[in-house]
Amino acid sequence: MAITLISILALSVAVYFISKLSWKVGAVINALAGAYLMIYLFTLKVGSSEVLGTLFGEKLLLTYTNASFYFSFVSMLVILAVMVFAIKWLDSQKYPSAFNMFLLMMTAASLGVFFAGDLLTLYIFWEIAVLSSMLIVPMGKKEARRAAIIYAVMSATGTYMYLYASFMIYSRYGNFNLAEVAKDLANDPSMPFKVTVYLLLAAAGIAKSGIFPLHTWLRIAHGNAPDAFSAVLSGQLVKLGSYVLMLVTAFFPTLKMFQGLELYSKIPSPNYFLLALGATSIIVGTLMAIKQDDMKMLIAFSSVANGGYILVGIATMDAIGFEGGILHVFNHALAAAIIFMAFASVVYRTHTTKISEMGGLIHKMPITFISYLFAIISLAGIPPMSGFISKWMIYQALVRKGMFVTAFIAFFGSIGSFLYVFRPLAGVFLGQLPKKYKDVKEVPAIMWIPMVTLVAISFIMGVWPFPILKPIEAMRADFAISPSVKIADASNWLVRGVTGSWNPVIVFNLFIIGFAIAYLLYTLFPKPKKVDLLAPHKEEGAPINIYTGGEYIYTPDLYQYNTKMYAGFERMYEKHPSWEKVLDMLCKFFHDLGQLVHGWFFRPSPSAYAFWTVMTLLIVFWVRW
Amino acid sequence: MMTLAIAIPLIAAFLAAIRKSWGYILYAIAAILNFILSLSLIGAVPSIHALGGWKPPFGINLVLDNASFYAILFINAIFLIVAVFPDIIGKYATVMLVLMAAVNGFVLTGDLFNSFVFMEIISAAAVIIASKRENYYSAFKYLIFAGIAGSLYLIAVIFVYTQTGSLNMAQAAYFSFSQKSLVAITTLFLIGLGVEAKLFPLNGWVMGVYGGNDLAPVILSTAVTFSAMYMMGRLMITIFGGGVLQVLYVLALITMLAGELAALYQKNLLKTLAYSSIGQAGLVLAVLSKGKEPFTSLAYFQLMNEVTAKLVLFLVAGYLVYKYTNLNGIFKSHKVLGTAFSIASFSLVGFPLFAGFQSKLRIIMEAFKGGDYLLPALLLLATLIELTYLIRWNVRLWFEDQVEEGEKGSWRHGFVAIALAIFLVVIFFFPNIYLAPASKMADAITSVSGYINIVTSGLGGM
Amino acid sequence: MTNSMNEALKAIEIFNPMVEEIDERQVKVSVGNDKLVSVLETLKSKGYSHLSLITCVDWIDDGQLELVYILFSWQDGGKFIVTTRIDRNNPKFVTVKEIWPVARFYERELHEFFGVEFEGNDDMKPLFLELWDEMPPLRKDFDPREYSKSKFPDRKYEKDVIKEAKIFRGEIDG
Amino acid sequence: MTGVYKAIFNLAIAFFFVLTLEGIGRKITARVQRRIGPPWYQSFIDVFKALSKHPFSNGWIFDFGVLMALGGAIATAAIVPMGSTFWTPFPNTDNFFVIMYLFAVGALGMAMGMVGSGNPWASIGVTRALTQMLGYELPYLIVLASMMFYYKTASIHLLIEKQAGGWNLLVMPIGAIVAFISLLGMLGKKPFDIAIAPAEIASGPMVELSGKYLGLLHIMHVFSIFVEITLFVDVFLGGGNFWWFLLKFLIVWILAVLISSVLPRFRIEQMLKFYWGVPLGLAFLNAFFVLMGWTL
Amino acid sequence: MKERTVWEQIADQLRSRSIWMLHYCTGCGAMELPPTMTARFDMERFGIMPMATPRQADILLITGYLNTKTLRRVIYTYEQMADPKYVIGFGSCTINGGIYYDSYSTINRLDYYIPVDVYIAGCMPRPEAILEAFQYLMEKIRKGEADGWKRYKENYEWYKQNQIRSLGEVYVHDEFHE
């Protein structure tokens, strides 16, 4: 593992110079490297372990667990798709060589995070991943430059808390090794220490996966990063955060650690705290996504909400909830990647991300539309796409535990997701095609093939989810989370929950049959006359177009409804408190503090320096004498 | 041999004063000679040299132990690197030569009054250097400060003399002061050195001087700071052990936070970096003030990393700031300089793959081992702030829309900057390049008896 | 007449208006072509700031068109009807859209229905009529019946409907 | 295989019974308004007449949306158990959440097809429908969640079996009331017909539907009504044989029609405030009672 | 007239029992419709319902005057309706121009521009008359005689020519619709 990771890291630098000659070759090498890594994941044996090197006298350990396999598989799926997508897409970019280099570097680093066997290795790879992705972000729109800074700072806030906690652990147990630390933590008598460490470690995951208090970077970073990279950001990078959250809540035996702190339904209060944060993110993400006009920011907020789902699922400390949360990682990764790639395709052709400037692209970009459609079906959790299964599992856990408020929030997020995914669907792809986009074409095959492949995978996993449930069940078994129900019952084609089961194959077949019946009825009755959406269309001499209340409208833009879609609902919370403003205030506070320091100590005249010198003298003497 | 390190630049300075046009060439020759000389001194460690045959504690003596050896090696290396840039040195070759001589003397000397003299020379030379590009007001402020600091330093020296009857450092180290006089002496020394070491609140001059021209930060933030830090360790730990180290610890932490906060506020690239170097100095001083191994070695390790990174940053920044008026997106035309700048700033922040990671994480780790939970927390907070403004600058210089047409860059800057930057990456993988000298320095600094032994045993031989 | 109307009348006395009191709150003021704008401005400054309508009367026998400006005061509900007569054959007048921006729509309407040109108002596109090709329809010499006959064919009754109706009612025998 | 026959029977009942009920509902509304009203078979005539017309199509997404809507509705209607374990086509797949979300396929198909027509009225209608969903689904889901917590199952036919001792209407009366209010929203009946609102937005999503599209969507609507009311009957009004089920269905429908025939329409915010006020509070109250074990 | 197939006969039966109307209303004519719809006369008992869009409607009820400007919209609306579609001209103004027969802007004869299946005479007709007309139309549909939509297709050139003669152009561009 070590050699592979390091050679991929080295290759990334080489890719930069190759890309300087021809970025296309660089992109192809990237894709090949991605494909190699994908295959490589399957050749590795679960449980194998390797030493990467030594740092500060501690061995840097790489271990390959079921969780590593699952998370890196999901990551590689997304990254590979984006790498293939980028082969063509990069020609719209200003910095293709740097993009190639950092993308590959980030890939290696994120795999390193998943492989890490100890806290320090995880930190090192984590920082490399953050650094390389942070350098890709500002290649996007103008606002992206600010986004990169906010991303770096938020991420670092979490990471440094994590680092602090790692060293706290090290100074107490003399060990960074995750497995050892888990054992030590379980037996540690000091509750304040455990809670502190737990929360500080989780902070990294919270910052990275966009959970509530540190979620604001997602909007700006995902919304402004280079379009295809947003797919990686949302589909893969935030999953690093989910991985850390999974480590601290499930891999560390929190139930045992926090015995006696149970708050409700046998969930310890620190876990419950995280769960509450997750639930808050669902609300915040959903509400904010509903009111966005920028389609990428909309999906960025949806990533906040879905990160919340993942956290809620994991933090329930219930077998089915945990599996649901982990499966949601897969589902959301795929859905978000497809959506962002679809958006990248749209932007590739139209050069805008504002929903209000688009419309009717379905007639120009049908494949992109179909990809987006299936992705939102998955994102909204509607069968037969895979997104439903994970949401179903999370609901099962919440219902079983009797957590009605959280269940309410989960339902709210789910229904709310219908609202916000519909917004780009209607505003970008459906409706009237503005005149300026009448020459827009579908993106080339190399760009839509990865999208469609991901759609196919998501679809197949929705109908036959048992292959993807297998590693998750193995993970659950590794972490020994109760109750041990067998969720995937492949022999009976059943997905079992604690409160019932369902058969995805039957549901899918029923849908097919229903569609067939509908089609039969459709063909049975008179053939329709094709009507253009707006332009008077002369067929048999009669102009027939859509109903316009008896008025002639010749400008499609006037007849496109894509702004303020939920005005009535938005009005109910337009005066919401903004967390972004709070963080801005904090930022301003530090800035003002800097100004104060600057003004007090660093600017005054020479006589003031003499004053300060005397003051120091006096203080020192006063203190020491 | 040791005297040559002071003598060569001094002679060169005289020559340069006579023939102005030979200035740069003389500087280059002196720098090369000095560097070779300091390399060749490795065989002479440890030894002392009594000037004029007056034996310590009566005469002035130069001490070459591990600490001073590595210090002058490092310092002369920096002078050598600066020698690559005739355009930066310009008309200031003479002053630079004087500075070189003074810094070498400051580091090598084993006599308190002599160190005062060298410090005054350093201040004088530094003030002249600071006044480059008509930066007179800042230079004047610096002058005032250096004057106050020098007089306090002198008072401290007088204190020591009245107590011990000698100006020799080894003698002072041997002498057991009463607690009260120790505090008085160390406080005065602290303030005297604090100016050069950029200790809060004596660092008001830094922003104006570093931010005012391209020569001052390059040499003052590296060589002079290094010598001041060396002397800080020597005086505070070796000679007057104990003393006001706790006060230094608190002041250093404040320095760190204050510097970083002010840097966050700053909108000028050079001034930002100036504040950043205040913050870094605070970190080094805080670690140094622990007064024992392994903190001392980590402090010097961090100092070396920081100085290397800062050298790159100031070289690049000084070059660009005076070439362009608007720096937005300027790295698009100066890719090599930009890469070096980015690597150096990432190293400063402490990202993995870069040198700063090694030293910062070690500091945190050792602090935890020592049961100090405050230093890591503040260090991480300061790092967070540092990361904010350095990323901001990186993003601005790389990605903003370019306003000014980029010109062809200077290959000297590019070569030196990228070489140093690559060196920073190399240090991540092989930290011992810096860590081994640093720990040797630290050993020498923390061992009082070792120092006294060197001086006393050196009495016989020359 | 209310007090404010008296005051307003006093203010416009210098323009030699022909004043005709219609009822308690309505006064008709007829002035010459050249003084009309001044009168309107004065009235506006006196509180008659609402331009209710601009319309036109076709005095075909006099060969004149009478422009009618109706001003309304929101203070006391008084109404001034300021009129002036212009030549029918060369119907030109100046625009008041600088005083009341809304006037441009009224002027468009007048241009459309009476053919009055307003100097200074260039926007004379048709407002109400679509694809009108005849002379302005509200002029007295326009014959709408003729036009209707030419454009909108009537139903041709094969039977005498009136006679049938009479038979139906039993008034006559069929 | 019996499952398939039962599913076909489900669909047949859904079509004929609900269309009849629609006619009866119109009749009842007419009687409330002191009119005579159309005959009971009027809805059949309407559906088949619509199917017989020569429609307009606004492109392939329009066709596809309508087909997807109908297909989703048929799939959902085929799963729902009709009042007893015997009339459960697929006992392993009658999970409540599956039905709820499969139901959304139809809604999504309709939304997509209708917006695909390019008419802004349709978009407005769909956004209103989605917002309304946010209103009524939440109290309903909370009530259902507390029920599932109480009986430890989400399987509809098991829920029916567990009511052998007493109807849930009597066990959790508050929940039943809330669910019924939500049902009114689901049905799009009068105070909640915001999405269609013919007077404001020209019948909203359906604005561009002509001929067979309208007919197919009407059939989809029929299946939706079947699913919605059947769920309510199954969950709250206990088991019984098939005829009892039809009777309960009829009663619930008539009640909904009676309420809708005398009420005006909400505005969209009013609807949300209404649902998130008392019904949601009551739903949580119900959940609290269930948690405490205070059931009748 | 062609023979209808069995399916068409069945379809006509259905169509006659389920008439969804779109009413084009001007002033006085519209007043007669509310009583027709509501409890006093209750047109829903014949399966007649008001519809909001031309797409869903079967008949276009034109109550009152049409001037050149509105006639354009009516033609436009009529063409947006799905076949089979019927038109009822309501009031004498649609028959012969009513009292404004000599206006420069009102048309005199509706069936000159679009095919009208049933006229209701009167100014204004009472609700009884309206219901009577609907009954008559139903009868016509049932017999397959209400073939205005077919005539419009067959004689499209003629209708178009008439429309253009009176209107100049049917679909106009103007500043408010661009």
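Before you start, here's how the labels work: helices are DSSP runs (H or I) of at least four residues, strands are DSSP runs (E) of at least two, and both are numbered from the N terminus. Keep in mind that you're looking at a predicted model, with an ipTM of 0.84 and a pTM of 0.88.

**Exercise 1. Locate A:Met317 in chain A and decide whether it is buried or exposed.**

Step 1: Find the place. A:Met317 sits in a loop of chain A, with helix H13 (295-315) and helix H14 (319-350) on either side.

Step 2: Check the backbone. The phi of A:Met317 is positive, at about 55°, although this residue is not a glycine.

Step 3: Count neighbours. A residue is buried if 20 or more other C-beta atoms lie within 10 Å of its own. A:Met317 has 24 C-beta neighbours inside 10 Å, so it counts as buried.

**Exercise 2. Do the same for A:Lys564.**

Step 1: Look in the loop between strand E10 (542-543) and helix H21 (567-572) of chain A, and you'll find A:Lys564 there.

Step 2: A:Lys564 also has a positive phi, about 50°, and it isn't a glycine either.

Step 3: Use the cut-offs again: 12 or fewer neighbours means exposed, 20 or more means buried, and anything in between is partly exposed. With 13 other C-beta atoms within 10 Å, A:Lys564 is therefore partly exposed.

**Exercise 3. Work out the order of the five strands in the open sheet of chain C, then place the helices that pack on it.**

Step 1: Walk across the sheet. You'll meet the strands of chain C in the order E1-E2-E5-E4-E3, and the pairing is mixed.

Step 2: Explain the edges. Strand E1 (18-23) and strand E3 (50-59) of chain C each have a single partner strand, which means that one side of each is left without a neighbour in the sheet. From one strand to the next, the twist averages 20°.

Step 3: Zoom in on one pair. Five bridges join strand E2 (residues 26-30) and strand E5 (residues 79-87) of chain C, and the two pair in the parallel sense. Within E5(C), C:Lys79 is the residue opposite C:Gln26.

Step 4: Add the helices. Helix H2 (residues 36-45) of chain C packs on the sheet and touches E2, strand E4 (64-72) and E5 of chain C, with its direction at about 170° to that of E5(C). Helix H3 (residues 103-114) of chain C lies across E3 and E4 of chain C, and it runs at about 15° to E3(C).

**Exercise 4. Describe the open sheet of chain E and the helices on it.**

Step 1: Get the order. The five strands of chain E run E2-E1-E3-E4-E5, with parallel pairing. The edges are strand E2 (48-50) and E5 of chain E, each of which pairs on one side only. Ignoring direction, neighbouring strands of this sheet are turned by 25° against each other on average.

Step 2: Pick a pair. E4(E) and E5(E) pair in the parallel sense over three bridges, and E:Phe90 has E:Ile120 in E5(E) as its bridge partner.

Step 3: Place the helices. H4(E) lies across strand E1 (19-25), strand E3 (59-63) and E4 of chain E, at about 165° to E3(E). H6(E) touches E1, E2, E4 and E5 of chain E, and its direction makes about 170° with that of E5(E).

**Exercise 5. Find two cis peptide bonds in chain E and say where they are.**

Step 1: One runs from E:Asp83 to E:Pro84, with omega near -10°. E:Pro84 belongs to the loop between helix H4 (68-80) and strand E4 (86-90) of chain E.

Step 2: Another runs from E:Cys123 to E:Met124, with omega near -5°. E:Met124 is in the loop between strand E5 (118-120) and helix H6 (127-143) of chain E.

**Exercise 6. Explore the largest nonpolar core and a second, separate one.**

Step 1: Start with the general idea. In soluble globular proteins, nonpolar side chains tend to be buried together.

Step 2: The largest nonpolar core has 633 residues, and those touching the most other members include A:Met341 and B:Leu99. H14(A) gives the most to this core, with 22 residues.

Step 3: Follow one member. Leaving aside neighbours within four places in sequence, B:Leu99 has contacts that include B:Ile122, B:Ala126 and B:Ile219.

Step 4: The second core has 28 residues, among them C:Val39 and C:Leu71.

Notes. Residues are numbered from 1 along each chain as its sequence is written. Chains are lettered from A and ligands numbered from 1 in the order in which they are written. This is a predicted model: local features need pLDDT of at least 70, side-chain atom pairs count only at pLDDT 80 or more; totals for chains, interfaces and linings use all residues. Two strands pair if DSSP finds at least two bridges between them. Axes are lines fitted to C-alpha atoms, for helices over the stretch in contact, and angles run from 0 to 180 degrees between N-to-C directions. Two residues are in contact if their C-beta atoms, placed from the backbone, lie within 7 Å. A nonpolar core is a set of buried Ala, Val, Leu, Ile, Met, Phe, Trp, Tyr and Cys residues joined through C-beta atoms within 7 Å.
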